[in-house]
Amino acid sequence: MSGSDASETDVLIVGGGILGAWTAYWLSKKRGFSVSLIEQGEIPHPCASSSEVLKSFPLTYGKDSFATAVAAKSMPLWLELNRESGQPIFETIGFLELVSSNGREAEESLRILGELKLPVEKWDKARIQKRYPVIHTPGIKFGVFHPDGGIVWAGRAVGALTALAQKAGVRFFPGTKAVAVQRGAEGVLGVKDAAGKTRRAKAYLFCAGAWTTELLKSWKIPLLVTCHDQLYVRPPFNKGRYHPRIFPVLKSMKEGVCAFPLHFRGYLKIVDMKRGKPAKPGLFAAEEGSSFLKRSRAFFSRFIPDLSEFAEWEGSQRAVAVTKDENPIIDRLPKASNAYVACGLGLESFGWAPLLARNLADLLVGGRPTLNLQRFRFGR
Ligand SMILES: Cc1cc2nc3c(=O)[nH]c(=O)nc-3n(C[C@H](O)[C@H](O)[C@H](O)COP(=O)(O)OP(=O)(O)OC[C@H]3O[C@@H](n4cnc5c(N)ncnc54)[C@H](O)[C@@H]3O)c2cc1C
């Protein structure tokens with residue numbers, strides 16, 4: 001099929017990850033606007049950053065009170081999605097940070113959550129052991145527990161948002177890859193897909209995750225694509241102890257890992273949170289003899305010895321788009337008054353997607369955002 005899309009739409013979204021899905025959902029609530037979303041694969045796309053089973057939802061960002069406030073303001077929006085979809089997508093199971101270094105950043109998190117009147121507790125070793133007996137505490141100085149932190153069932157969220165948006169009139173085009181963005185003096189004129197069809201809209205949103213740089217080449221988006229190891233581990237015994245009802249998200253800054261409760265065919269996940277190596281977008285098999293396997297075993301030996309002897313595991317590497325200062329980019333494309341880009345959520349801002357997307361939806365239809373987006377601009 002080739003040619004031009006005769007039925008011009010008000011907003012065209014490119015990319016059906018968490019940002020695209022949330023923006024489509026918010027736009028679907030703005031009556032009278034027509035919206036289309038194109039996605040190169042299926043929705044959710046298995047290779048997208050958002051498609052994994054679970055993501056962590058922290059409220060602790062050290063002294064960064066703005067980040068904590070953005071996460072906190074996103075919580076009711078996730079809960080609204082739980083209600084509207086009738087599915088448990090966001091769950092506040094509790095988030096425990098194990099502190100074994102100087103603890104300065106953890107102390108700042110305690111202070112900021114306190115100032116924002118968000119529940120948070122500083123736990124000594126005895127308290128950690130009492131609440132989570134599987135956790136070993138030698139070498140830990142203290143723990144920071146915030147009960148409102150938790151998990152988002154990521155693939156389920158993308159699926160639910162697209163289903164709700166579609167019901168409200170948004171048109172989805174999976175299997176449609178944008179290959180070129182046509183520019184004019186005033187802005188974007190159209191988006192050409194791999195089948196040769198040009199799709200036109202009054203406003204455009206590009207949220208193509210790790211593929212953004214390639215798609216928006218001529219704008220030179222300041223994004224890095226890095227790769228992160230993740231391991232799915234089957235507990236050798238007493239699986240029930242790691243159920244999300246009784247096991248938190250566990251993070252250790254010093255070790256640079258985040259461990260999750262049991263969630264995937266009896267497996268639990270552990271993710272490398274350290275800055276990854278430059279990579280191409282996508283999902284890849286774990287490298288032979290991956291050092292992350294050894295690091296994961298070392299992490300478990302130290303903190304959850306019952307898990308250290310795991311024999312069954314699956315590993316992979318997934319790419320993600322990050323910025324130098326680890327803040328997302330939400331901005332109008334330079335010299336394109338009708339086009340926006342949203343990307344670079346990095347490894348800890350997945351939970352911000354509903355709030356960022358609601359502000360994007362306002363911008364796309366000429367409204368005023370309620371969040372100060374200065375921090376997310378190109379020229380910050
Ligand atoms: C291993 C790993 C673990 C992570 N864990 C966490 C965590 O625990 N907590 C947290 O907050 N964050 C985490 N993250 C980060 C988080 O997942 C991402 O920041 C977030 O999902 C990015 O969402 P997105 O919508 O911007 O991009 P994506 O989810 O990548 O979506 C982009 C979409 O655009 C589509 N697309 C791309 N190019 C085109 C094109 N040309 N035409 C049409 N469609 C196109 C893609 O197919 C894709 O579906 C993790 C990331 C990784 C890699």
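Select β16 and β17 in this predicted model. The two strands form a hairpin, with four residues between them. Click on Gly-256 in the turn: its phi is positive, about 70°. Now look along the strands. β16 covers residues 249-252 and runs antiparallel to β17, joined by three bridges. Find Lys-251, then look across to Cys-258 in β17, which stands opposite.

Stay on β17 and extend the selection to β18, residues 267-272. Here is another hairpin, with two residues between β17 and β18. Arg-265 sits in the turn and has a positive phi of about 45°. Five bridges join these antiparallel strands. One pair to highlight is Phe-264 with its bridge partner in β18, Tyr-267. How many of the eight residues of β17 are buried? Six are, so to speak of β17 as mostly covered is fair.

**The two domains**

Colour the protein by domain. Domain 1 takes in 3-50, 155-223 and 325-376, while domain 2 takes in 93-149 and 224-322. Their centres, taken over C-alpha atoms, are 31 Å apart. Next, show the contact between them: 13 residues of domain 1 meet eleven residues of domain 2. On the domain 1 side, the touching residues are seven nonpolar, five polar and one charged.

**The ligand**

Where does the ligand lie with respect to the domains? Both domain 1 and domain 2 give residues to the shell around the ligand, so the ligand lies between them. Show the 38 residues that surround the ligand. The closest are Gly-15, Gly-17, Ser-50, Gly-209 and Phe-350. Colour the shell by class and you get 17 nonpolar, 16 polar and five charged residues. Four elements each supply at least two residues: α1 (18-28), β4 (54-57), β15 (224-233) and β21 (313-322). Of these, α1 gives the most, with three.

**Helix α1**

Select α1 next. Is this helix enclosed or open? Eleven of its eleven residues are buried, so α1 is largely enclosed by the rest of the structure. Among the buried residues are Trp-22, Tyr-25 and Trp-26. Now show what packs against them. The strands are β2 (9-14), β3 (35-38), β14 (201-206) and β23 (339-343). The helices are α5 (154-167) and α8 (353-364).

**The six-stranded sheet**

Several of those strands belong to one sheet. Trace the order β10-β3-β2-β14-β23-β22: an open sheet of six strands with mixed pairing. β10 (171-173) and β22 (329-332) are the edge strands, each pairing on one side only. From one strand to the next, the twist averages 15°.

Zoom in on β14 and β23. They pair in the parallel sense over three bridges. Leu-205 stands opposite Tyr-340 in β23. Then add α8, which lies across β2, β14, β22 and β23. The helix runs at about 175° to β23.

**The three-stranded sheet**

Last stop: select β4, β9 and β5. In that order they form an open, antiparallel sheet of three strands. The edges are β4 and β5 (90-91), and each pairs on one side only. β5 and β9, residues 150-153, are joined by two bridges. Pick Phe-90 and find its bridge partner in β9, Val-152. Finish with α5, which lies across β4 and β9 at about 50° to β9.

Note on methods:
Residues are numbered from 1 along each chain as its sequence is written. This is a predicted model: local features need pLDDT of at least 70, side-chain atom pairs count only at pLDDT 80 or more; totals for chains, interfaces and linings use all residues. A residue is near a molecule or strand if its C-beta atom, placed from the backbone, lies within 6 Å of it. Ala, Val, Leu, Ile, Met, Phe, Trp, Tyr, Cys and Pro count as nonpolar, Asp, Glu, Lys and Arg as charged, and the others, Gly among them, as polar. Domain bounds come from an automatic or database domain assignment. Two residues are in contact if their C-beta atoms, placed from the backbone, lie within 7 Å. A residue is buried if 20 or more other C-beta atoms lie within 10 Å of its own, exposed if 12 or fewer, and partly exposed in between; C-beta atoms are placed from the backbone. Two strands pair if DSSP finds at least two bridges between them. Axes are lines fitted to C-alpha atoms, for helices over the stretch in contact, and angles run from 0 to 180 degrees between N-to-C directions.
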